[in-house]
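This report goes through selected helix packings, backbone details and residue surroundings of one protein chain. The sequence and the structure come before the discussion.

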Amino acid sequence: AHLDRIAKVDEKVHAFLHVDAEGALAKAAEVDAKLARGERLGPLAGVPLALKDVFTTKGVPTTCGSKILQGWVPPYDATVTRRLREADIVILGKTNMDEFAMGSSTENSAYGVTHNPWDLTRIPGGSGGGSSASLAAFEAPLAIGTDTGGSIRQPASVTGTVGVKPTYGGVSRYGLVAFSSSLDQGGPCARTVLDAALLHAVIAGHDPMDSTSIDLPVPDVVGAAKLANVEGMRIGVVKQFDGEGYQEGVRQRFHEAVQTLRDLGATVVEVDCPSFDYALPAYYLIAPSECSSNLARFDAMRYGLRVGDDGVNGVEEVMALTREAGFGPEVKRRIMLGTYALSSGYYDAYYGSAQQVRTLIMRDFDRAFADVDVLVSPTTPTTAFKIGERADDPMAMYLADLCTIPTNMAGNAGMSVPVGLAPEDGLPVGLQIIAPAMADDRLYRVGAAVE
Ligand code: GLN
């Protein structure tokens, strides 16, 4: 049924880069056969899922939305992919994304834009716009995204779906093509908080293949989603994200959601996090720096595209020609910014001070979480903007992640949950919930209560 739905609507939505009908039907048949034999099934047996094209899938193309990986078929599964398969989930295909997860609208994909199912002239958010759009268009009930600065939560917000960035180290990064290794985190996307929790439980947990993976029990996210109770909780409204510069309808729905939490028995207080004002500029030093280093591996020798290999050009020319042809403008901008920020003589001024800001952000969170159980804010300052509206204005595009970035900088956990439509444009608004590291269960408790 989901493959039929994809065939019917994806021409308009373009959530998928690659639909693996054969693989999906084979997996579904395998589940049926197991069932017939009375064998034990995985926890989400037979449930279809859309996978962001940044996770490696053995035998299935993985492009990261980039021309430089066109035609590359990975020889191995990411740990997330493997766990999905072991849970007997049916992977429908790979979803569209901003090239190497750099962007907030999916317009930076080398393979065309994804359209927001609520209004096809608008962006579905990014970088994981394909995953969230596939949920909103009912092409899949579950999806996987990655969140480096907001790429799960912001698309969830603008498509009226649920998206969770787990605690850094909570979900393995093995086989997740790296953008900014100290920030990247895979996580679940779904249409309800409980669905997201069920998927979270499948993909989370320690992995010896990822040296930053946390070796602790996974918080009971499913139990928390079922509990759906905020009575007695202390909830902090982030002062820095509750002022000017937010669309009127976003503020209105946000304040209504906060009132709902109060009505359900939570105590709400305002929390001051002064360093959050510097999170965005610091992120745009750290993320490009790590990206410039990570993307050095796309050298025309190891993967995908190779340009200018004519027997005359030398190795360096082939590399330069390939990277020139294979990377899009945003990726090139970030590689140049990052290379500059990391260069000798500038390292302390840029990368070094950004890391200091990062420490200040962590301290703001520590202070806040000494007093409250979770923090809340709008997920993103506006509803879905028009395709093309910010395409030529990187600064305007970067602002979409204003509220989500501090969580990545500190490595704690965040969720976006739909809280209604903005009256002025009828488009979805998301509430962001932030919890301390390894307290991901609190997101689900609050999210399920308010959804
Ligand atoms: N939009 C942000 C960026 O472009 C965040 C991306 C992400 O979370 N992958 O870097």
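Helices α9 and α11 are roughly perpendicular to each other, because angles from 65 to 115 degrees are counted that way and their axes cross at roughly 95 degrees. These axes come within 7 Å. The model is a predicted one.

**Helix packing**

On the α9 side, the contact with α11 is formed by L285, P288, S289, C291 and S292. Their partners in α11 are R334, I335, L337, G338, T339, A341 and L342. Sorted by class, this contact has seven nonpolar, four polar and one charged residues.

Helix α9 also packs against α12, with a crossing of roughly 125 degrees and axes that come within 9 Å. That angle makes α9 oblique to α12. The crossing of these two helices is left-handed. Here A279, A282, L285, I286 and S289 of α9 meet Y350, Y351, A354, V357, R358 and I361 of α12. The contact of α9 with α12 holds nine nonpolar, one polar and one charged residues. Residues L285 and S289 of α9 are listed in the contact with α11 and also in the contact with α12.

A further pair is α6 and α15, which pack at an angle of about 160 degrees with their axes 9 Å apart. Angles over 145 degrees count as roughly antiparallel, so α6 is roughly antiparallel to α15. Residues V193, L194 and A197 of α6 make this contact with Y444, G447 and A448 of α15. Its residues divide into five nonpolar, one polar and no charged.

The table sets out the geometry of the three pairs.

| Helix pair | Residue ranges | Axis distance | Angle |
|---|---|---|---|
| α9 and α11 | α11: residues 329-342 | within 7 Å | roughly 95 degrees |
| α9 and α12 | α9: residues 279-294; α12: residues 348-369 | within 9 Å | roughly 125 degrees |
| α6 and α15 | α6: residues 193-203; α15: residues 440-450 | 9 Å | about 160 degrees |

**The loop between α9 and α10**

The loop that joins α9 to α10 (315-326) contains A300. Although A300 is not a glycine, its phi is positive, near 75 degrees. A300 is buried, because 22 other C-beta atoms lie within 10 Å. N313 has its place in the loop between α9 and α10 too. With 14 C-beta neighbours inside 10 Å, N313 counts as partly exposed. Setting aside residues up to four places away in sequence, N313 touches G308 and V318. The C-alpha atoms of N313 and Y283 are separated by 38 Å, with these positions 30 residues apart along the chain.

**Other backbone details**

A second positive phi in a residue other than glycine belongs to A228, where the value is near 45 degrees. A228 lies in the loop between α7 (221-227) and β7 (234-238). It counts as partly exposed, with 17 C-beta neighbours inside 10 Å.

The peptide bond from G126 to S127 is cis, and its omega is near 5 degrees. S127 is found in the loop between β3 (90-95) and α4 (129-136).

**Two buried residues and their contacts**

L176 is part of the loop between β5 (162-165) and β6 (186-190). Since 25 other C-beta atoms lie within 10 Å, L176 is buried. Beyond its neighbours within four places in sequence, L176 is in contact with V54, F55, A78, V80, T146, D184 and G186. One of these partners, V80, is 96 residues from L176 in sequence, and the two are 8.3 Å apart from C-alpha to C-alpha.

V250 lies in helix α8 (residues 248-263). It counts as buried, with 23 C-beta neighbours inside 10 Å. Its contacts, leaving aside neighbours within four places in sequence, are P378, P381, T382, T383, A422 and V429. L399 is 149 residues from V250 along the chain, and their C-alpha atoms are separated by 15 Å.

**Ligand surroundings**

Which residues come nearest to the ligand? They are A101, S104, T148, G149 and S151, out of the 13 residues around the ligand. By class, the shell consists of four nonpolar, seven polar and two charged residues.

Conventions:
Residues are numbered from 1 along each chain as its sequence is written. This is a predicted model: local features need pLDDT of at least 70, side-chain atom pairs count only at pLDDT 80 or more; totals for chains, interfaces and linings use all residues. A residue is near a molecule or strand if its C-beta atom, placed from the backbone, lies within 6 Å of it. Ala, Val, Leu, Ile, Met, Phe, Trp, Tyr, Cys and Pro count as nonpolar, Asp, Glu, Lys and Arg as charged, and the others, Gly among them, as polar. Helices (H or I, at least four residues) and strands (E, at least two) are DSSP runs, numbered from the N terminus. A residue is buried if 20 or more other C-beta atoms lie within 10 Å of its own, exposed if 12 or fewer, and partly exposed in between; C-beta atoms are placed from the backbone. Two residues are in contact if their C-beta atoms, placed from the backbone, lie within 7 Å. Axes are lines fitted to C-alpha atoms, for helices over the stretch in contact, and angles run from 0 to 180 degrees between N-to-C directions. Angles under 35 degrees count as roughly parallel, over 145 as roughly antiparallel, 65 to 115 as roughly perpendicular and the rest as oblique. A crossing is left-handed if the near helix is turned anticlockwise from the far one by less than a right angle, and right-handed if clockwise.
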